[in-house]
Amino acid sequence: MRSRLSLLALLAAALLAPSAVASELIDRNASNVKLQVAKNGQALLRFDARGKRWNVLAWGAENAIAPTTSRPQLSFRLDYSGGYGTYKRDVWKTFANACGTYSGPPLQWLVTACTAPDGSHWAVQSWQRMLPNYGLRPNAKQAVWELRLAHWSGALPQLTVRQNWAYRKFEHLFGSFTYRGQPVHGFKTTSTGQPLDTFGRNLYVDTYDSAYGKGWKRENSFLMHKGNGKFCYGFYSHGSRPVGAGTRYRATIIGPGVTPDIYWESESLGSYDQAFDLQMHEEQKSFYAGDGLCKAI
């Protein structure tokens with residue numbers, strides 16, 4: 001009987017410790033979030049979600065590797081049982097925090113963060129990734145706030161976004177996503193642009209005070225291009241939905257590996273400026289060189 005109970009306990013612990021494949025979704029609609037990090041580099045993330053209190057251990061990953069087909073992207077090892085599934089004891093009950101005041105760069109969507117004794121940073125962010133495109137009202141599943149954990153040292157990934165016009169009237173965004181000078185991109189996707197590997201990343205663009213209504217609404221999400229990590233997007237009409245151009249724009253992208261999620265925000269360009277558009281048109285010709293998915297128009 002004792003052996004049978006032990007086996008059942010181990011099976012339950014294994015079910016509570018799934019292997020993550022992205023940067024790094026921990027749970028959804030979490031509250032009362034607390035982050036601690038021990039001297040051994042292991043983090044304890046405590047929060048309320050789905051009707052209970054969770055104690056999640058995370059370790060084994062820092063920063064990110066460049067895109068490759070030879071191995072998966074870095075990800076945490078996670079133990080949702082608070083240590084029992086890994087060590088056969090409740091590590092969370094005696095967890096000794098050694099993480100100090102956060103000294104890293106500013107982050108959007110920040111819930112909590114700290115800086116470990118080795119100088120590396122840990123951060124928890126939360127934002128609504130699943131919102132529907134074109135300003136549609138989200139259902140409960142689409143409106144969730146994802147809780148994401150990051151661990152990194154050194155410079156953050158760099159999201160570059162430029163604005164101009166397409167066809168001399170439609171507002172347009174273009175840019176790139178890089179990490180340590182290398183483009184961030186994947187190798188396999190669905191026909192609708194959803195990554196099928198651990199390297200691909202989508203940019204989630206929101207528009208403010210647009211034809212969709214007051215406040216921030218999701219405009220669209222789209223994939224960083226394979227090989228160069230670049231993108232281009234025009235604010236056109238989509239079926240029965242109006243043009244989503246707003247007074248401001250923002251964009252969020254999941255960091256590669258276990259780096260933080262990166263944010264950009266800016267006012268819209270406003271009225272068409274021919275001189276500026278021509279200037280940006282020339283810049284695009286150079287920027288798009290070798291990219292068959294975008295062109296200066």
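In this predicted model, strand β14 supplies four residues to the lining of the second largest pocket, which is the largest share of that lining. The briefing below begins with that pocket, then turns to the enclosed space, to an open sheet of four strands, and to threonine 198, a residue in a loop.

**The second largest pocket**

- The volume of the second largest pocket comes to about 250 Å³, and among the 14 residues that line this pocket, those closest to its centre are Cys232, Tyr233, Gly234, Leu293 and Cys294.
- Two or more lining residues are given to this pocket by β13, which spans residues 213-223, and by β14, which spans residues 230-234.
- Sorted by class, the lining of the second largest pocket holds nine nonpolar residues, together with four polar residues and one charged residue.

**The enclosed cavity**

- The count of cavities of 30 Å³ or more comes to one, and the largest cavity holds about 50 Å³ of space.
- The lining of the largest cavity is made up of the aromatic residues Trp109, Trp127, Trp145 and Tyr204, along with Gln128, Leu131, Asp206, Arg218, Arg250 and Thr252.
- The elements that contribute two or more residues to the lining of this cavity are β12 and β15, the latter covering residues 248-253.
- By class, the lining of the largest cavity divides into five nonpolar residues, two polar residues and three charged residues.

**The open four-stranded sheet**

- Four strands, in the order β1-β8-β7-β6, form an open sheet in which the pairing is antiparallel.
- At the edges of this sheet lie β1, residues 24-28, and β6, residues 110-115, each of which pairs on one side only.
- On average, and with direction ignored, neighbouring strands of this sheet are turned by 20° against each other.
- Within the sheet, strand β7 (residues 121-127) and strand β8 (residues 146-152) are joined in the antiparallel sense over seven bridges, and serine 126 has leucine 147 in β8 as its bridge partner.
- As a general point, the strands of a sheet pair through backbone hydrogen bonds, in either a parallel or an antiparallel arrangement.

**Threonine 198**

- Threonine 198 sits in the loop that runs between β11, residues 182-183, and β12, residues 202-210.
- Threonine 198 counts as buried because its relative accessible area is 16%, which falls under the 20% cut-off for that class.
- The side chain of threonine 198 also reaches the backbone nitrogen of glutamine 73, at a distance of 2.8 Å.

How values were computed: Residues are numbered from 1 along each chain as its sequence is written. This is a predicted model: local features need pLDDT of at least 70, side-chain atom pairs count only at pLDDT 80 or more; totals for chains, interfaces and linings use all residues. Side-chain values use heavy atoms; hydrogens and water are left out. Buried means under 20% relative accessible area, exposed over 50%, partly exposed in between (1.4 Å probe, protein chains only). A polar contact is a pair of N or O atoms within 3.5 Å; within protein, one must be able to donate a hydrogen and the other to accept it, and residues adjacent in sequence count only if both atoms are side-chain atoms. On a 1 Å grid over the protein atoms alone, a cavity is a set of points where a 1.4 Å probe fits but cannot get out, and a pocket is an open set with protein on both sides within 12 Å along at least five of seven lines; lining residues have an atom within 4 Å of a point. Grid points are joined across faces, edges and corners, and a volume is the space filled by probe spheres set on the points. Ala, Val, Leu, Ile, Met, Phe, Trp, Tyr, Cys and Pro count as nonpolar, Asp, Glu, Lys and Arg as charged, and the others, Gly among them, as polar. Two strands pair if DSSP finds at least two bridges between them. Axes are lines fitted to C-alpha atoms, for helices over the stretch in contact, and angles run from 0 to 180 degrees between N-to-C directions.
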